[in-house]
Amino acid sequence: MTDLSLKTEPADVAEDVVLHSFKVGYRHVDSARVYRNEGPCSEAIKKSGIPRSEIFFTSKVPPRSMGYDQTKASISSSFSQTGFDYIDLYLIHAPYGGKEARRGTWRALVEAQQAGQIRSIGVSNYGVHHLDELESYIKELESQNGKGKGGEISVGQWELHPWLARPDIVEWCQRRGVVIQAYCPIVRGQRFEEPVLQPLVEKYGKTPSQVLLRWSLQKGLVPLPKSVTPSRIEENANIYDFNLTDEEMKSLETGEYAPCAWDPTTSDD
């Protein structure tokens, strides 16, 4: 998985956005069935001329498709929409639907992975209690089917930035070697004027967006910035020529819990 990753949402512009991102050097395309952008993203991949093996493509089980049978249908539809032979990563978009639905969805993903349809599987927006529940279920599947047959949480995706650092979730994942992806890493532009960012913007001659993406990388995260503007897509890729110091990283520890998007991690469903 590449550090240069693009989160796509609006289906009507997804193809053009992805094609431009490829010109800049992005190779990870994060799509989701709920945004109906798998088709446009896959068309961009095919038109790009870049070998499929060099592109990392992600999709997700939508909340309305939780449960074993619904997830199998969702996966099948993803292949119909994309025309791909395999999908690099398939995530559970959110932990909604209840315990049995979550278990069924995971089992369907494990089976698709074992069949070679999906390379890696994981979760998105899971709270620690959801992660603990899934870890227990994986052990249960292994006891029934054999070691390694319960699946592995390879990747987790959450809203993550200095105003929502989620240390409990991050620690849980790091202890288990789960790759952590960060969506909304630039907080939808809502925090660009924060005083804590201004000295870093001035010192490095970078934009607030670039500073926040650099924070994400140095935290060991894979940031997923979203933009439909070509200049911003290029700007977000220009973050490899500076490093924040340890003190500067510490200065961005705000201690706040302030989501700018939805927060299914708190669901008790």
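Colleague: In this predicted model, which residue of β3 does Asp30 stand opposite?

Modeller: It helps to begin with the strands themselves, since β2 covers residues 28–30 and pairs with β3 in the parallel sense over three bridges. Within β3, which is made of residues 56–61, the residue that stands opposite Asp30 is Thr58.

Colleague: Which hand does the unit made by β2, helix α2 and β3 have?

Modeller: Helix α2, residues 38–48, makes a β-α-β unit together with β2 and β3. With the strands pointing away from the viewer, a path that runs clockwise from the first strand over the helix to the second is called right-handed. The unit of β2, α2 and β3 is right-handed.

Colleague: Which residue of β4 is the bridge partner of Val61?

Modeller: Strand β4, residues 87–92, pairs with β3 in the parallel sense, and four bridges join the two. The chain crosses from β3 to β4 through helix α3, residues 68–82, in a right-handed β-α-β crossover. In β4, the bridge partner of Val61 is Ile92.

Colleague: How many residues of β3 are buried?

Modeller: For this question the cut-off matters, because a residue counts as buried when its relative accessible area is under 20%. Strand β3 is mostly covered, and the number of its residues that are buried is six of six.

Colleague: Which strands stand at the edges of the sheet?

Modeller: Eight strands form an open sheet with parallel pairing, in the order β1-β2-β3-β4-β5-β6-β7-β8. Two of these strands have a single partner strand each, so one side of each is left without a neighbour in the sheet. The strands at the edges are β1 (5–7) and β8 (222–224).

Colleague: Which residue of β8 is the bridge partner of Ala182?

Modeller: Strand β7, residues 179–183, runs parallel to β8 and is joined to it by three bridges. The bridge partner of Ala182 in β8 is Pro223.

Colleague: What angle does the direction of α2 make with that of β3?

Modeller: Helix α2 packs on the sheet, where it touches β2, β3 and β4. The direction of α2 makes an angle with that of β3 of about 170°.

Colleague: What angle does the direction of helix α4 make with that of β5?

Modeller: Helix α4, residues 99–114, also packs on the sheet, and the strands it touches are β3, β4 and β5 (118–124). Its direction makes an angle with that of β5 of about 160°.

Colleague: How many residues has the largest nonpolar core?

Modeller: The residues with the most contacts inside this core are Trp106, Leu109, Val123, Ile153 and Trp158. Leu109, for instance, touches several residues beyond four places away in sequence, among them Val61, Ile75, Ile92 and Ile121. The number of residues in the largest nonpolar core is 68.

Colleague: Is Val187 buried or exposed?

Modeller: Val187 lies in the loop between β7 and α7 (198–204), and it has a positive phi of about 55° although it is not a glycine. Arg188, in the loop between β7 and α7, likewise has a positive phi of about 55° without being a glycine. Because its relative accessibility is 1%, Val187 counts as buried.

Colleague: What separates the C-alpha atoms of Ala94 and Val187?

Modeller: Ala94 lies in the loop between β4 and α4, and at 0% relative accessibility it counts as buried. Beyond its neighbours within four places in sequence, Ala94 is in contact with residues including Pro63, Asn125 and Trp262. Ala94 and Val187 are 93 residues apart along the chain, and their C-alpha atoms are separated by 19 Å.

Terms used. Residues are numbered from 1 along each chain as its sequence is written. This is a predicted model: local features need pLDDT of at least 70, side-chain atom pairs count only at pLDDT 80 or more; totals for chains, interfaces and linings use all residues. Side-chain values use heavy atoms; hydrogens and water are left out. A nonpolar core is a set of buried Ala, Val, Leu, Ile, Met, Phe, Trp, Tyr and Cys residues joined through side-chain atoms within 4.5 Å. Buried means under 20% relative accessible area, exposed over 50%, partly exposed in between (1.4 Å probe, protein chains only). Contact means heavy atoms within 4.5 Å. Two strands pair if DSSP finds at least two bridges between them. Axes are lines fitted to C-alpha atoms, for helices over the stretch in contact, and angles run from 0 to 180 degrees between N-to-C directions.
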